[in-house]
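Please open the model in a viewer and keep the sequence panel visible. The tour below moves from one selection to the next.

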Amino acid sequence: MNIILLGPPGAGKGTQARILVEEHGLVQLSTGDMLRAAKTSGTDLGNKVADVMARGDLVTDDIVIGLIAEQLDGEAGEKGLIFDGFPRTLAQADALEDLLDKKGKELDAVVEMRVDDDALVERISGRFTCANCGEVYHDKTKPTSQDGVCDKCGSTEFVRRADDNAESVRVRLSSYYRNTAPLIGYYHAKGKLRPVDGLGEVDEVARDIRKALGV
Ligand code: ADP
Ligand code: AMP
C-alpha cells in the first residue's frame with residue numbers, strides 16, 4: 001500500500017504516519033524530516049534550505065523531488081510507503097507519479113486530513129518531539145505520561161521546531177492554501193481522495209483513516 005497524507009501544517013500527518021508505520025509496517029517518507037536532518041548535520045543542502053524553512057516558505061521542487069527519488073532508489077523503494085508532507089505542489093505530484101511509475105508502484109489513496117485553522121495554530125504552538133525517536137507530543141493534548149520522559153524510548157531530550165512560531169505558521173498556512181490545496185482537486189479527479197475529519201482525538205482519527213483505507 002502506498003499512500004499520501006495530505007493536509008495543512010499541524011493537521012496530524014506525522015502523528016498518524018507513525019501509527020500506520022507501527023500497525024502496517026509501512027515506511028514514512030517525510031520531506032520535512034529529511035530537510036531538518038540535512039540542516040542538523042550541516043550539509044550543503046541543509047545550509048541552503050535553512051532560511052527558507054525558517055520563514056515557512058517552500059523549498060524548491062527539484063530539491064524535494066530529489067530527496068524522494070533517492071529514497072525510492074534505496075531500501076524504502078521495496079516497501080509500502082506513506083508520503084508525509086510531499087507532494088506540496090502540482091509539479092511535485094506529477095514528479096511523484098513518474099517516480100512511482102518507474103518503480104512499478106502505484107498510489108493507492110490520498111488521505112486528506114481536514115482541520116480548521118484555529119485548531120492548527122493551537123496544535124502547532126504546543127508541539128514538541130522526542131529528540132531521540134521522533135515521537136510527537138503536545139503540551140495539552142498529548143503530554144508524556146511521565147514528566148520529561150519519552151513514552152516510546154525513555155529519552156529525556158525533546159525539541160521544539162524553530163519554525164513553529166506565529167509568523168512562520170502564518171506563512172506556512174498561506175502557502176498550503178495557495179500551493180498545496182489544489183492537490184485536493186487533482187487527486188479527487190483521479191479517484192484517489194479519501195477525506196477524513198482530522199479534528200477528533202488521535203485514536204478517533206486513526207480509526208477513520210483505517211476505515212477510509214479499508215485496512
Ligand atoms: P503535521 O505532521 O501534520 O504537521 P503533527 O502530527 O506534528 O502534524 O501534529 C501537530 C501537533 O498536533 C502535535 O503536537 C500533535 O501531538 C498534535 N496532534 C496531532 N493529532 C492530534 C489530534 N487528533 N488531536 C489533538 N492534537 C493532535
Ligand atoms: P513539515 O515538516 O512538513 O512541516 O515541513 C517543514 C518545512 O520543510 C516546510 O515549511 C518547507 O519549508 C519544507 N518542506 C517540507 N516538505 C516540503 C515539500 N514537499 N516541498 C517544499 N518544501 C517542503
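Which residue stands opposite I82 in β3? Select Q28, for Q28 stands opposite I82.

Before continuing, note that this is a predicted model, in which local features need pLDDT of at least 70 and side-chain atom pairs count only at pLDDT 80 or more, whereas totals for chains, interfaces and linings use all residues. Residues are numbered from 1 along each chain as its sequence is written, chains are lettered from A and ligands numbered from 1 in the order in which they are written, and side-chain values use heavy atoms, with hydrogens and water left out.

**Stop 1: the parallel strands**

Select β2 (residues 27-30) together with β3 (residues 81-84). Helices (H or I, at least four residues) and strands (E, at least two) are DSSP runs numbered from the N terminus, and two strands pair if DSSP finds at least two bridges between them. Strand β2 pairs with β3 in the parallel sense, over four bridges. Add β1 (residues 3-6), which also pairs with β3 in the parallel sense, here over three bridges. In this pairing L5 stands opposite D84 of β3.

Now show the side chains of β3. In a regular strand, side chains alternate between the two faces of the sheet. L81 and F83 lie on one side of β3 and I82 and D84 on the other, and all of them are buried. Buried means under 20% relative accessible area, exposed over 50% and partly exposed in between, with a 1.4 Å probe and protein chains only.

**Stop 2: the largest nonpolar core**

Keep F83 selected and add I4, L35, V59, I68 and Y187. These residues have the most contacts inside the largest nonpolar core, which has 31 residues. The core is a set of buried Ala, Val, Leu, Ile, Met, Phe, Trp, Tyr and Cys residues joined through side-chain atoms within 4.5 Å. Elements that each supply at least two residues of it include β1, α2, β3 and α8 (182-189). Helix α4 gives the largest share, six residues.

**Stop 3: ligand 2**

Select ligand 2 and its surroundings; a residue is near a molecule if one of its heavy atoms lies within 4 Å of it. There are 16 residues around ligand 2, of which T31, R36, D57, Q92 and R161 come nearest. Helix α2 (residues 31-40) gives the most to this shell, with four residues. By class, the shell has six nonpolar, four polar and six charged residues. In this classification Ala, Val, Leu, Ile, Met, Phe, Trp, Tyr, Cys and Pro count as nonpolar, Asp, Glu, Lys and Arg as charged, and the others, Gly among them, as polar.

Next, display the polar contacts, which are pairs of N or O atoms within 3.5 Å; within protein, one must be able to donate a hydrogen and the other to accept it, and residues adjacent in sequence count only if both atoms are side-chain atoms. A backbone N or O atom of G85 is 3.0 Å from a nitrogen atom of ligand 2. A polar side-chain atom of R88 lies 2.9 Å from a nitrogen atom of the ligand, and an N or O atom in the side chain of R161 lies 2.9 Å from one of the ligand's oxygen atoms. Taken alone, ligand 2 exposes 480 Å², and the protein buries 97% of that; accessible areas come from the Shrake-Rupley method with a 1.4 Å probe, and for residues only the protein chains shown count as cover.

**Stop 4: ligand 1**

Move to ligand 1, around which there are 18 residues, with K13, T15, R127, Y137 and G200 coming nearest. A polar backbone atom of K13 is 2.8 Å from an oxygen atom of ligand 1. For T15, a polar side-chain atom lies 2.6 Å from an oxygen atom of the ligand. A backbone N or O atom of G200 lies 2.8 Å from a nitrogen atom of ligand 1. The protein buries 92% of the 570 Å² that ligand 1 exposes when taken alone. Elements α1 (13-24), β6 (136-138) and α9 (202-213) each supply at least two residues of the shell.

**Stop 5: the antiparallel sheet**

From Y137, select β6, β5 (residues 127-130) and β7 (residues 158-159). These three strands form an open antiparallel sheet in the order β6-β5-β7. Strands β6 and β7 stand at the edges, each with a single partner strand, so one side of each is left without a neighbour in the sheet. Y137 is the bridge partner of F128, R127 stands opposite H138 in β6, and T129 stands opposite V159 in β7. The hairpin of β5 and β6 has five residues between the strands, and there G134 takes a positive phi near 85 degrees.

**Stop 6: a buried arginine**

Finally, select R172 in helix α7 (residues 166-180). Is R172 buried or exposed? R172 counts as buried because its relative accessibility is 10%. A polar atom of the R172 side chain lies 2.5 Å from the backbone oxygen of D163.
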